[in-house]
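Hi,

Here is the structure I promised to pass on. Have a look at it first, and my notes on what turned up follow below.

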Amino acid sequence: MRYEVDLSEASKFARTPAYGIPVIRAAAACGPDGGTLGATNRFLTRDGSPWIPIAGEMHYSRIAAERWDTELAKMAAAGIDVVSTYVFWNHHEEREGEWDFSGNRNVHRFVELCARHGLHVIVRLGPFCHGEVRNGGLPDWLYGKSYEVRSLDAGFLDAVRGLYAHIAQQLRGLYFKDGGPIIAAQVDNEYMASSAPWEMTTGISREWVPSGHDGAGYLERLRDIAIEEGIDPPMFTCTGWQSPVPDDMLPLWGGYAYRPWLFYDGVGAEGMTEHPATDEYRYRRLHGSSTSDGFDPPYDPDSRPYACCEMGGGMFNSYDYRFVLPKRSVDAMANIKLGSGCDFLGY
């Protein structure tokens, strides 16, 4: 099935001009060829024209490097124009002080391949990524340190600075302002909203990584460290749902037809055994001073675009779950998100 979006009258909805809202870092949003990225309160812009991107997730370190080129070609052929990818900290520094960016961990080569296929890139920096990876991407050696992870503790932030410094070294010259494909970077993921088990305690004490408690200040500090270390994209993003949203970040939302987190202990809330219907299949108002059906973000919903990073039929095989999902559930979600005012489709 094919969808088309008519943007011929889009300008009448854009009451805030490009660069007029703080999610775009203007100095980093001008390419060497004169191209620009911008944002209004209703959509992103590319070279001054409305742009409704379609993003797809691909985690380079989970895929054999010899497959990258073929898989990225498939994404481009399918109409994807932005690739989102996690940088899993524990895939690069499994042992403290021992860094590895070789083989399927070579994020520099992966981003270069994205550019070769005409794909923009969102780099999801962590430190916590989740993605159903071990410890949510945090290395085992962080467990038991004298500081709390995902906090403003100076010891943890110093460790994060080391992570960001190594990422920055790998991504040098690949930003939009350099003529490269990187248009955004995400700091942490689902902060104060989600967590993951510390895998070394599974079956013993079942301890979980903290979800965080320092509010928007934590995300702002991560952004500042990233910039200080040389990570320089046109915009920074953060999780939209149940998380704090700094004024100068683009919140990214999601939606799933099937939600395994309801059944982490085998039985869902209030003893339910069957998966409940999800409100992702109701048309809702995502813009305006009066939104609908429980959409109540921690910011003015008419102040910036509504963008998605995780639209899916359900989770891939992870933990104890082996889903069999109807493909139409994803197609239906695309229709409903667009019809509700979504300005950025992200799968």
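How do the residues lining the second largest cavity divide into nonpolar, polar and charged? Keep in mind that this is a predicted model. The lining of that cavity splits into 6 nonpolar residues and 2 polar ones, with no charged residue. The residues in question are Ile24, Leu37, Gly38, Leu44, Thr45, Trp51, Ile183 and Met235. Two strands, β1 (37-39) and β2 (44-46), are the elements that give two or more residues to this lining. The volume comes to about 30 Å³.

That takes us to the other hole. Rolling a probe the size of a water molecule over the atoms shows where empty space is left. Searching the whole structure gives 2 cavities of 30 Å³ or more, and the largest holds about 50 Å³ of space. Its lining is made up of Asp279, Glu280, Arg282, Arg284, Leu286, Tyr306, Ile336, Lys337 and Ser340. By class, that is 5 charged, 3 nonpolar and 1 polar. So if you want to put something into these spaces, what is the volume of each? For the largest cavity it is about 50 Å³, and for the second largest about 30 Å³.Next, the core. In soluble globular proteins, nonpolar side chains tend to be buried together. The largest nonpolar core here has 87 residues, and those touching the most other members are Leu72, Trp89, Leu125, Leu142, Tyr164, Leu171 and Ile231. Helix α4 supplies the largest share of this core, with 9 residues.

Leu171 sits in helix α4. Is Leu171 buried or exposed? Leu171 counts as buried because its relative accessibility is 1%, under the 20% cut-off. Beyond the residues up to four places away in sequence, Leu171 touches Val107, Val111, Val123 and Ile182. The C-alpha atoms of Leu171 and Glu112 are 9.5 Å apart, with their positions 59 residues apart along the chain.

Tyr164 is another of the core residues that touch the most other members. Leaving out neighbours within four places in sequence, Tyr164 is in contact with Leu125, Gly126, Pro127, Val187, Asp188, Leu222, Ile225, Ala226, Glu229 and Ile231. Three of those names come back in the backbone notes below.

Now for the backbone oddities. Most residues other than glycine have a negative phi, and most peptide bonds are trans. Which residues does a cis peptide bond join? The pair is Gly126 and Pro127, with omega at about 20°. Pro127 belongs to the loop between β6 and α4.

Glu132 is found in that loop between β6 and α4 as well. Glu132 is not a glycine, yet its phi is positive, at about 55°. Glu132 is classed as buried because its relative accessibility of 17% falls under 20%.

Asp188 also has a positive phi, about 50°, without being a glycine. You will find Asp188 in the loop between β7 (182-186) and α5 (216-228). With a relative accessibility of 1%, Asp188 counts as buried, and Asp188 is among the contacts of Tyr164.

Back to the loop between β6 and α4, where two polar residues are worth a look. One of them is Asn135, which lies in this loop. Asn135 counts as buried, at 0% relative accessibility. What does the side chain of Asn135 join through a polar contact of 2.5 Å? The partner is the side chain of Asp140. Asp140 is also one of the residues in contact with Asn135 once neighbours within four places in sequence are left aside, the others being Phe128, Ala196, Pro197, Trp198, Glu199, Met200 and Val209. Asn135 and Pro197 are 62 residues apart in sequence, but their C-alpha atoms are 5.8 Å apart in space.

The other is Ser151, in the loop between β6 (120-124) and α4 (154-171). Ser151 has a relative accessible area of 5%, so it is buried. A polar atom of the Ser151 side chain lies 2.6 Å from the backbone oxygen of Glu148. Not counting residues up to four places away in sequence, Ser151 touches Phe156, Leu157, Asp214 and Tyr218.

That is the tour. Shout if anything is unclear.

Cheers

Terms used. Residues are numbered from 1 along each chain as its sequence is written. This is a predicted model: local features need pLDDT of at least 70, side-chain atom pairs count only at pLDDT 80 or more; totals for chains, interfaces and linings use all residues. Side-chain values use heavy atoms; hydrogens and water are left out. On a 1 Å grid over the protein atoms alone, a cavity is a set of points where a 1.4 Å probe fits but cannot get out, and a pocket is an open set with protein on both sides within 12 Å along at least five of seven lines; lining residues have an atom within 4 Å of a point. Grid points are joined across faces, edges and corners, and a volume is the space filled by probe spheres set on the points. Ala, Val, Leu, Ile, Met, Phe, Trp, Tyr, Cys and Pro count as nonpolar, Asp, Glu, Lys and Arg as charged, and the others, Gly among them, as polar. Helices (H or I, at least four residues) and strands (E, at least two) are DSSP runs, numbered from the N terminus. Buried means under 20% relative accessible area, exposed over 50%, partly exposed in between (1.4 Å probe, protein chains only). A polar contact is a pair of N or O atoms within 3.5 Å; within protein, one must be able to donate a hydrogen and the other to accept it, and residues adjacent in sequence count only if both atoms are side-chain atoms. Contact means heavy atoms within 4.5 Å. A nonpolar core is a set of buried Ala, Val, Leu, Ile, Met, Phe, Trp, Tyr and Cys residues joined through side-chain atoms within 4.5 Å.
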